[in-house]
Amino acid sequence: FFERAIMPLSVVTCGTKDLAGDVAARYGASLICKAIRENGKANVILATGASQFEMLRTLVTCSEVDWTKVTCIHLDEYVGIGIDHPASFRKYLRERFVDQLPVAPAAFHYVDGSGDAEAECKRLEAVLAGVTIDVAFVGIGENGHLAFNDPPCNMEVSDAFIVVDLDQKCREQQLGEGWFATLADVPTKAISMSMTQILKSKAIVCTVPDERKAAAVKATIESDKPSVDVPASFMQNHSATTLFLDGNSASLLSK
């Protein structure tokens, strides 16, 4: 793999998505360990979706991390589906992360979209009050979204979590990844961590494999300036973001 700085972003391109996920996880684990050394604890954000498969597979094996000192916060969830639904992100993180850890984390704060979504946002707001996020593990959507902040994203809202409408391209991506049987089954609303809150994280580890993400990756990195039409482009304003790409997702980059 090779690393380059496309100011102010750091971009690591690997030959395969397995390697990209592995390198991203090990880098993220080093940041978690650093936070624990400095503060006695760490707070991390975890994303879901197909882009995180390889990264999470390695992260749970990073034995240098004392997970008993790590509090995890879930990034987003659909409104109106329960934890046992095949597409539930709570189910995803429970099965692919929590259940795979050697020990339970200090705490895991799931986003529950099955009830009153606005009340859940307020509950999560209280959870995050006064909390510094050390590492945010995220991806980028085919439409350039960050979490479920679809374009045009709201950069004015100060709330930590918000209820959002999912756009057509986002919903088609969820269908295409196999989480739902038909487009009609894909929810139209979700609870998402806001752009403002994500960008407060001390470090962002963004893992984005696959050719279907290449256009979004190019727009994120090479836009002249951040745009609400490419929400992920606002990571250009973040001082410690590293993108981990494979050859396919990096295929349209001109630099």
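The exercises below, each with a worked solution, concern a predicted model.

**Exercise 1. Cysteines and disulfides**

Determine how many disulfides the model holds, and explain why C121 is or is not part of one.

Step 1. A pair of cysteine sulfur atoms must lie within 2.5 Å of each other to be called a disulfide, and with this cut-off in hand each cysteine can be taken in turn.

Step 2. For C121, the closest cysteine sulfur belongs to C170 and lies 16 Å away, which is too far for a bond.

Step 3. For C153, the nearest cysteine sulfur is again that of C170, here at 13 Å, and C153 is in no disulfide.

Step 4. The count for the model therefore comes to 0 disulfides under the 2.5 Å rule.

Step 5. As for their surroundings, C121 has a relative accessible area of 4% and is buried, while C153, with a relative accessibility of 7%, is buried as well.

**Exercise 2. A buried salt bridge**

Find the residue with which R90 forms a salt bridge, state where both partners lie, and decide whether they are buried or exposed.

Step 1. A general idea helps at the start: side chains of opposite charge can pair when their charged atoms come close.

Step 2. The partner of R90 is E77, and the closest N and O atoms of this pair are 3.7 Å apart, a distance that fits the cut-off of 4 Å for a salt bridge.

Step 3. Placing the two residues on the chain, we find R90 in helix α3, which covers residues 89-96, and E77 in strand β5, which covers residues 76-78. The pair is 13 residues apart and links distant parts of the chain.

Step 4. To judge burial, recall that a residue under 20% relative accessible area is called buried. R90 has 7% and is therefore buried, and E77, at 0%, is buried too.

Step 5. This pair belongs to a total of 16 salt bridges in the model.

**Exercise 3. A salt bridge within one helix**

Describe how E222 and K218 are placed relative to each other, and compare how accessible they are.

Step 1. Both residues belong to helix α7, made of residues 214-222, and they stand 4 residues apart, which is about one turn of the helix.

Step 2. Their side chains meet in a salt bridge, with an N to O distance of 2.6 Å.

Step 3. E222 has a relative accessibility of 17% and counts as buried, whereas K218, at 29%, counts as partly exposed.

Step 4. Elsewhere, salt bridges with shared partners join K17, E142, E177, D210 and R212 into one network.

**Exercise 4. D210 and its backbone**

Work out where D210 lies, which salt bridge it forms with R212, and what its phi angle is.

Step 1. D210 sits in the loop between β10, which spans residues 203-208, and α7.

Step 2. Its salt bridge with R212 has its closest N and O atoms 3.9 Å apart.

Step 3. The relative accessible area of D210 is 16%, so this residue is buried, while R212, with 32%, is partly exposed.

Step 4. Turning to the backbone, phi of D210 is near 90°, a positive value in a residue other than glycine.

**Exercise 5. The loop between β7 and β8**

Identify what is noted about the backbone at A147 and at the peptide bond between P151 and P152.

Step 1. A147 is found in the loop between β7 and β8, and P152 lies in that loop too, with β7 covering residues 135-138 and β8 covering residues 161-165.

Step 2. Phi of A147 is near 55°, which is a positive value in a residue other than glycine, and A147 is buried at 6% relative accessibility.

Step 3. P151 and P152 are joined by a cis peptide bond, with omega about -10°.

**Exercise 6. A charged patch and a buried strand residue**

Name the residues that form the patch of negative charge on the surface, and state how far D159 is from L9.

Step 1. The patch gathers D116, E118, E125 and D159.

Step 2. One of these, D116, is in the loop between β6 (107-109) and α4 (117-128), and D116 is exposed, with a relative accessible area of 52%.

Step 3. L9, by contrast, is found in strand β2, residues 9-14, and is buried at 1% relative accessibility.

Step 4. Along the chain L9 and D159 are 150 residues apart, and their C-alpha atoms are separated by 25 Å.

Terms used
Residues numbered from 1 in each chain as written. Predicted model: local features only at pLDDT ≥ 70, side-chain atom pairs only at ≥ 80, totals over all residues. Heavy atoms only, no water. Buried < 20%, exposed > 50% of the residue type's maximum accessible area, 1.4 Å probe, protein only. Patch = residues over 30% accessible without salt bridge, like charges linked within 9 Å, V, L, I, M, F, W, Y side chains within 5 Å. Areas by Shrake-Rupley, 256 points an atom, 1.4 Å probe, with all protein chains shown as cover. Lys, Arg positive; Asp, Glu negative; His and termini not counted. Charge placed at Lys NZ, Arg CZ, Asp CG, Glu CD.
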